[in-house]
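Student: I have a new model open and would like to learn how to read its features. Could you walk me through it, beginning with one helix and its surroundings?

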Amino acid sequence: MKILVLRPQPAAARTARALAHLGHAAIIAPLIVIAPAAGSRLPPLPASTYAAVIAASANAVAMLDAESSARLAGLPALLVGARTARAAAAIGLRPLAPVFRRARELAAALPNLPVRGHLLYLTGHDRLPEIETALRQGRYAFTLAEVYSADIAPRLPPMAETALRQAGLDAVLHYSARSATAYIGLAREAGVLNQALTPLQLCLSAEVAQVLLAAGAARVEIPASPDETHLLALLGSPSGR
């Protein structure tokens, strides 16, 4: 099967390797470009200011400069996602259990977590509101540091547009509602919206799926668990569809 992978690099390359291992061919066409934010250095506060670090994306950790990473080494970290936990451990943070599956789960658990004091929330410019809202409503002392940007591509990547015009795709992978929204908008601008909605749309969560359903996609599937292993399992074997 030919699968369109829209997620940013380097995650797209990892997904392509996973697809190849399953016998599928990936067409990589990132719709979002991840880059360090202009102010990716941490606020000029000593590391001792912070009781713990919060991060809901591996990018929020991986995009820190070396000096900032070194300053935070040894601090406990409240995290969303196994990949975020691995990225945090790689720079010397101490991931705390549990590692949450979704931002809203971490937000809901904040009152019961064994961390008190000033928190450092590492995030991107575009982010889900749940964690920040919970911190403000709970009157936590925290510093929010936007360390990366995730900008939408100005147009549908040529490889994606060509594949859609040639009706050569079997499925499209969607990892976020923002990326799915960009896919629909850019496909509409390129005049290939109908072709974009025709393949099987595999969505990481119900929130992502809703974007495709609202746009008119007829074939939308969601995995039993919101992770890539279960998402790719929806493809079955190369001869299974």
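Tutor: Gladly, and keep in mind that this is a predicted model. To place a helix, look at what its buried residues touch. Those of helix 6 pack against strand 4 (52–55), helix 5 (103–109), strand 7 (119–124) and strand 8 (142–152).

Student: Which residues of helix 6 are buried?

Tutor: Helix 6 covers residues 130–137, and its buried residues are Ile131, Glu132, Ala134 and Leu135. These four lie on the same side of helix 6, because the arc they cover around the axis is only 165°.

Student: Which exposed residues sit on the face turned away from that buried side?

Tutor: Arg136 and Gln137 are the exposed residues carried there by helix 6. Then follow the chain a little further: just after helix 6, arginine 139 has a positive phi of about 55°.

Student: Let me try a single residue. Is glutamate 161 buried or exposed?

Tutor: Judge by relative accessible area, where under 20% means buried. Glutamate 161 has 15%, so it is buried. The residue belongs to helix 7 (residues 158–165). Setting aside residues up to four places away in sequence, glutamate 161 touches Arg155, Leu156 and Ala190.

Student: And how does alanine 85 read, buried or exposed?

Tutor: The reasoning is alike: alanine 85 has 12% relative accessibility, so it counts as buried. You will find alanine 85 in helix 4 (residues 82–90). Beyond its neighbours within four places in sequence, alanine 85 is in contact with Leu79, Pro95 and Val99. For a sense of distance, take valine 220: from alanine 85 it is 135 residues away in sequence and 30 Å away in space, C-alpha to C-alpha.

Student: Now the whole chain, please. How does the radius of gyration compare with that of a compact globule?

Tutor: The idea is to set the radius against what the chain length would give. For 241 residues a compact globule would have a radius near 18 Å, and the protein has 19 Å, so the two agree. Along the principal axes, the C-alpha trace spans about 55 × 35 × 35 Å.

Student: How many helices and strands are there, and what share of the residues is buried?

Tutor: There are 11 helices and 11 strands, and 49% of the 241 residues count as buried. Sequence separation is worth a look too: among contacts between residues at least 6 apart in sequence, 64% join residues at least 24 apart.

Student: What about the surface and the charges?

Tutor: The accessible surface comes to about 11,300 Å², with 57% belonging to carbon and sulfur atoms. As for charges, the mean positions of the 22 positive and 15 negative ones are 3 Å apart.

Conventions
Residues are numbered from 1 along each chain as its sequence is written. This is a predicted model: local features need pLDDT of at least 70, side-chain atom pairs count only at pLDDT 80 or more; totals for chains, interfaces and linings use all residues. Side-chain values use heavy atoms; hydrogens and water are left out. Helices (H or I, at least four residues) and strands (E, at least two) are DSSP runs, numbered from the N terminus. The radius of gyration is taken over C-alpha atoms; the globule rule is 2.2 Å times the number of residues to the power 0.38. Buried means under 20% relative accessible area, exposed over 50%, partly exposed in between (1.4 Å probe, protein chains only). Contact means heavy atoms within 4.5 Å. Accessible areas come from the Shrake-Rupley method with a 1.4 Å probe; for residues, only the protein chains shown count as cover. Lys and Arg count as positive and Asp and Glu as negative; His and the chain ends are not counted. The place of a charge is taken as NZ of Lys, CZ of Arg, CG of Asp or CD of Glu. The arc is that of the directions from the helix axis to the C-beta atoms.
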